[in-house]
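Trainee: Could we go through this structure together, one question at a time? I would like to learn how each answer is reached.

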Amino acid sequence: MLSNQAGDGKRSSLHGHWSSRMAFILAVTGSAVGLGNIWKFPYIAGQNGGGAFVLVYLACVIFIGMPVMMSEILIGRRGRRNPIATMTLLGKEEGSSGNWGWVGSMGVVAGILILSYYSVIAGWTLAYIVKSATGAFVGGTPAEVGAQFGGFVGDWRQVGLTHTIFMALTVFVVARGVERGLEQAVRFMVPALLVLMLVLLVYSINSGYFGQGVAFMFTPDFDKLTWNSVLAALGQAFFTLSIGMGAIMAYGAYLPEETSITGASAAVVSADTAIAILAGLAIFPLVFANGLEPGDGPGLVFNTLPLAFGQMSGGIFFSTIFFVLLSFAAWTSAIGLMEPAVAWLVEKHNRSRAQAAVIVGLLIWAIGFGSVLSFNVLADVKFLAGTIFDNVDYLTSNIMLPLGGLLIAVFAGWVMCRNSTSDELGTAGNVFKTWRLLARFVAPLGILFVLLNAVGLLDWIRSLAS
Ligand code: PFF
């Protein structure tokens, strides 16, 4: 057993601590804000018909995402180890069982699988920096910009190369450690990204199709909503907030004792949601202005934003900066995806951080080729949810993260005693009561209900009953 008991009886982390409350908020925001907000949210919303999906997504963020995030941080801070060790330790300490460590293990696996395809898409953004800087999109028509995208993702060597470069960059930061690596990478990226999204928004407002974009995003048509769309909204809420897999738990392990978990979570959730909504508001008017399809899938952002940049004055500059920032955002998220696996290798197998980062990085890089090939050589190989990429995405976002979130909420709400959680959350008032109600009932039952409906189990039971 590791001896890292601090003098006041509380544990301290082996990997160092955040230098301030702001540093923690920045790091969690850096993990949350990423491709999920700007690449994934618009295309998933588009595929699921807009309005009603967005409403369900917002409800999931507030009533499930927020309490699960608070649970993850408080568990992380109490355990102060990697997610597997923390859940094992707290499970025993709270008089339940060490088997809770399995929740941490599932998170480690989910992080590895998510990063395997996340890195591939992040590689696309790297390629788009070069395309932007060399003026590839200037004055481009929708057909030309679409052909650029198709030509790029259709060539597995280019996609494989940019995936490789992105993984190398990620391993580099993770190897350098918590304070030196993570904090510096995040400090400027989020504010800068916000400014650029506002520039795009102004362009969109002037496109003449802003009203149509807003209507698509906010006019709910519940007829279009299937249980699978509801599950997609739930999965997106988990994915975008980086919760359900222990990444935030790992970050919570480095959080100083006095920081307010509720305040930090609220800040992160608001920033993350604002950026996703901004991305939608910037992108959908452009989709309609150019006669594109909102349900077009993973290429949506890459087919719309370059069109806008191509027509703007100073477009080369804005476009290059935008894709640089998006790559940065992806980078700070990728770090969070690797953190649970790396922290585990360091603590459990006594590896140096650098060694652990390289080992985990190589594994993820290799698995990533399944997704690299999903857009070209193996594009026609489809099973269950679609291509290999589609399946890895569905399995992780729609099943593993919600399941992880459910178990984390149950752990914080039912297994940990009231005193432990109120001690961490530092409040006994209405905020604590609301959190506890959400963590004990609303989040677990909500997730369970959506999961069961999406796999058709409730329908099946109903049909048996009638
Ligand atoms: N939240 C990130 C995004 O929206 O791009 C993705 C992510 C990062 C998920 C880190 C999970 C995680 F641990």
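Trainee: Which helices each supply at least two residues of the shell around the ligand?

Mentor: Helices here are DSSP runs of H or I with at least four residues, numbered from the N terminus. The model is predicted, so local features need pLDDT of at least 70 and side-chain atom pairs pLDDT 80 or more, while totals for chains, interfaces and linings use all residues. Residues are numbered from 1 along each chain as its sequence is written, and side-chain values use heavy atoms, leaving out hydrogens and water. The helices you ask for are helix 1 (21-32), helix 2 (35-47), helix 11 (227-241) and helix 15 (315-349).

Trainee: Which helix gives the most to that shell?

Mentor: A residue is near the ligand if one of its heavy atoms lies within 4 Å of it. There are 14 residues around the ligand, and Ala32, Gly36, Tyr118, Phe239 and Ser242 come nearest. With three residues, the top contributor is helix 2.

Trainee: How many residues of the shell are charged?

Mentor: Asp, Glu, Lys and Arg count as charged; Ala, Val, Leu, Ile, Met, Phe, Trp, Tyr, Cys and Pro as nonpolar; and the others, Gly among them, as polar. The shell around the ligand has seven nonpolar and seven polar residues, and the number of charged ones is: no charged residues.

Trainee: What is the distance from a backbone N or O atom of Gly36 to an oxygen atom of the ligand?

Mentor: A polar contact is a pair of N or O atoms within 3.5 Å; within protein, one must be able to donate a hydrogen and the other to accept it, and residues adjacent in sequence count only if both atoms are side-chain atoms. A backbone N or O atom of Ala32 lies 3.0 Å from a ligand oxygen, and a polar backbone atom of Leu35 is 3.1 Å from one. For Gly36, the distance is 2.7 Å.

Trainee: How much of the ligand's accessible area does the protein cover?

Mentor: Accessible areas come from the Shrake-Rupley method with a 1.4 Å probe; for residues, only the protein chains shown count as cover. On its own, the ligand has 340 Å² of accessible area, and the protein covers 100%.

Trainee: Is Arg80 buried or exposed?

Mentor: Arg80 is in the loop between helix 3 (51-79) and helix 4 (83-93), and has a positive phi of about 60 degrees although it is not a glycine. Most residues other than glycine have a negative phi. Buried means under 20% relative accessible area, exposed over 50%, and partly exposed in between (1.4 Å probe, protein chains only). Because its relative accessibility is 3%, Arg80 counts as buried.

Trainee: And Leu384, is that residue buried or exposed?

Mentor: Leu384 also has a positive phi, about 40 degrees, although it is not a glycine. Its place is the loop between helix 16 (353-372) and helix 17 (388-415). Since its relative accessibility is 85%, Leu384 counts as exposed.

Trainee: Which residue has its backbone nitrogen 3.1 Å from a polar side-chain atom of Ser352?

Mentor: Ser352 lies in the loop between helix 15 and helix 16. At 37% relative accessibility, Ser352 counts as partly exposed. The backbone nitrogen at that distance belongs to Gln355.

Trainee: How far apart in space are Ala343 and Ala356, C-alpha to C-alpha?

Mentor: Ala343 is in helix 15 and counts as buried because its relative accessibility is 1%. Ala343 and Ala356 are 13 residues apart in sequence, and their separation in space is 8.1 Å.
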